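Open your viewer and keep the selection box handy. We'll go stop by stop, picking something and looking at what is there.

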Amino acid sequence: MSAGSCSLRHSRRQFLATAGTGALVAGTLQLAAPSASAVTPRQPAAAPVATKVLSFDLADVELADGPFLHAQRKTEAYLLSLQPDRLLHNFRVNAGLTPKAPVYGGWESAPTWEDINCHGHTLGHYLSACSLAYRSTGDARFRQRVDYIAGELAACQKASGTGLVCAFPKGPALVAAHLRGEKITGVPWYTLHKIYAGLRDGALLADSAVARDVLLRLADWGVVATRPLSDAQFEAMLETEHGGMNEVYADLYFMTGNADYRTLAQRFSHKAVMEPLAKGRDYLDGLHANTQVPKAVGFERVYQATGDAQYHQAAAFFWQTVALTRSFATGGHGDNEHFFPMADFADHVFSAKCSETCGQHNMLKLTRALFLHDPRAEYADFYERTLYNGILASQDPDSGMATYFQGARPGYMKLYHTPEDSFWCCTGTGMENHVKYRDSIYFHDDRTLYVNLFVPSAVTWKERGAKLTQTTAFPESPTTTLRWTLRQPAELALKLRHPRWSPTATVLVNGAEAARSRAPGSYVQLDRTWHEGDRVELRLAMEAAAEWAPAAPDIVAFTYGPLVLAGALGREGLAPGSDIVVNERLYGQYNAAPFSPPMLAGAPDNLAASIRPGGKPLEFTLDSAGQAPVRLIPYQRIAHERYATYWKLAPPAA
Ligand SMILES: [Zn+2]
């Protein structure tokens, strides 16, 4: 489908909900909710379950120079390069309005992806990303884009007479057929979830009143449209990927206090997945991974909205099994987007289609949500691991484009999307990933400040009149320094994460040793009366180590602190730009000339012990069997060259 080819055909599609069989019949639209404010209470709801810790407003965290700020700047530039009117093209068409600019390519319009019906998903991610960028930077250009897009969607709602806004080629007919229980191709609720979430973020992060109005009208449309479905019909509909619809309706409940939204959050919670997980049953083998992760994010949010512990048990158990037993050393999971039996690890680890980046994005959302209720270092450890080796690693540091898969086929390379002809799911989550690094560095309760990540930054704790500035060259140096700025002396606890990868942690306050920990995977807590200018130094120890899956002890990855070290295997045979690709389905076929990686031989721990520092920070060498030594660098720094993250070891020489 070329730009603009779907105009007129799809205008004024309308449908009607009928009760009884739960069927929806194409016809005249009767689903237009009255003005949202007239029908629902609009006061924020209190949570029945309070979290143990809170996050900081993105606006209260500053990011200083370093790889994370670099990544943020690249995404900011990409966001500003995109044209809202092009993203809005099919939304206007479906509302019977003339589009203002041609549609974008890739998943947004190209025939290759017609079957998945993800048209319009990018607009939702874009709204989220611009909202996050606005909150992080205060740059008014991002807020203007949020307000502009929301205003255009409001015009679509007005013109079509319905709260539903969508960009599907067949307009609302796809959603109607899905609600009727008919066989469809595509994932309408998955796609709509991005639009809901984008509007939510516009309302909450960019303070966009128009985004809030559009969202509530869309939300009320959803309440009316799904009401005729019996529980069994609803559950059957949830067999199709639906993103985090349960999460966003729980958020809507918190925003408004409208009990209909909370009920719908529960109805959108897939019981066939939730109930076994809540009982501690891991039956995830073979399931589509990134369909399940957002459900679990939503389970935790529904728990907050309802107090029903079953939802939390399901979310926590899901995290445990995916993070601790199903993840690669990089924090990614899955092969060809699906969970596999870990007994078959050796059959999957070297696939070019492992570790979909969206899966990492959503696992971090889940990790963060669980941490708020149960602030354990184990969650923060996984967060750090995946943030460096999955999220930061996913962005091309030159173009700012992002990966889809991050596979471990030896000698393969990272492939990134094009600016305007891909628009994959991972393009969308990729827009969000790098403008929200500030959201998980620090947390707090009434009197405790948690330092979870070692990132050059500062946090302002308004309620306590305190600011903490973190200066660090981490991970190039395994230390970080924190300095208090205080209006007056303050009695506070500081909790510094002692990561699981560091055998010891030593803390100095104003140059004198104040604490020493030999418990990796915990927090070092300092309770004292702090004074202006007090300086805290955390000293950790980074060492090379080997990691392997229980089912395949001869296939190992090497780590250094939280970083996965990848063999940097050069660019031979790779044309410049050949790693910027349109079609994610062809991963494994690009740059696929045969390649023989160096062979490593020996016992894993002996090999790790033999890793030697190279000439530059975080560069190492490792001897290979009879060939030149392998250069190892953090996987996060690999770009435009072949790499290996897992190695099949030859037996030690006799
Ligand atoms: Zn994706």
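Here is the tour, one selection at a time.

Before you click, note that this is a predicted model, in which local features need pLDDT of at least 70, side-chain atom pairs count only at pLDDT 80 or more, and totals for chains, interfaces and linings use all residues. Residues are numbered from 1 along each chain as its sequence is written, and side-chain values use heavy atoms, with hydrogens and water left out.

**Stop 1: the zinc ion**

Select the zinc ion together with Glu 356, Cys 358, Cys 425 and Cys 426. Glu 356 coordinates through OE and the three cysteines through SG, at 2.1 to 2.3 Å. (Donors are N, O and S atoms within 2.8 Å of the metal, or 3.2 Å for Na, K and Ca; water is not among the atoms, so sites may look incomplete.) Along the sequence, the donor residues are spaced E-x1-C-x66-C-C.

What is the arrangement of the 4 donor atoms around the zinc ion? It is tetrahedral, because the angles they subtend are 95 to 124°. (Four donors count as tetrahedral if all angles lie between 85 and 135 degrees.)

Now colour by accessibility. Cys 425 is buried at 4% relative accessibility, and Cys 426 is buried too, at 0%. (Buried means under 20% relative accessible area, exposed over 50%, partly exposed in between, with a 1.4 Å probe and protein chains only.)

**Stop 2: the largest pocket**

Select Ser 55, Asp 251, Arg 301, Arg 368 and Leu 372, which lie nearest the centre of the largest pocket among its 49 lining residues. (On a 1 Å grid over the protein atoms alone, a pocket is an open set of points where a 1.4 Å probe fits, with protein on both sides within 12 Å along at least five of seven lines; lining residues have an atom within 4 Å of a point.) The volume is about 1,400 Å³, taken as the space filled by probe spheres set on the points, which are joined across faces, edges and corners.

Which helix gives the largest share of the lining? Helix H8 does, with 8 residues. Other elements that supply at least two residues each include helix H17 (357-373) and helix H19 (425-433). (Helices are DSSP runs of H or I with at least four residues, strands are runs of E with at least two, and both are numbered from the N terminus.)

**Stop 3: strand E17**

Select residues 552-560. In this strand, E17, 7 of the 9 residues are buried, so the rest of the structure largely encloses it. Add strand E16 (544-549), which runs antiparallel to E17 with 6 bridges; Glu 547 sits opposite Ala 557, and a hairpin of 2 residues links the strands. (Two strands pair if DSSP finds at least two bridges between them.)

Strand E18 (563-568) also pairs antiparallel with E17, over 3 bridges, with Phe 558 facing Leu 565. In their hairpin, Gly 561 takes a positive phi near 60°. Strand E24 (647-648) adds 2 antiparallel bridges, one pairing Val 556 with Trp 647.

**Stop 4: three loops**

Select Phe 474 and Pro 475: the peptide bond between them is cis, with omega near 5°. Pro 475 lies in the loop between strands E9 and E10.

Next, pick Leu 618, a non-glycine with a positive phi of about 60°. Leu 618 is buried at 6%. Finish on His 640, where phi is again positive, near 60°, but the residue is partly exposed at 21%.

Definitions and conventions
Four donors count as tetrahedral if all angles lie between 85 and 135 degrees; four count as square planar and six as octahedral if opposite donors are over 155 degrees apart and all others between 65 and 115; anything else is irregular.
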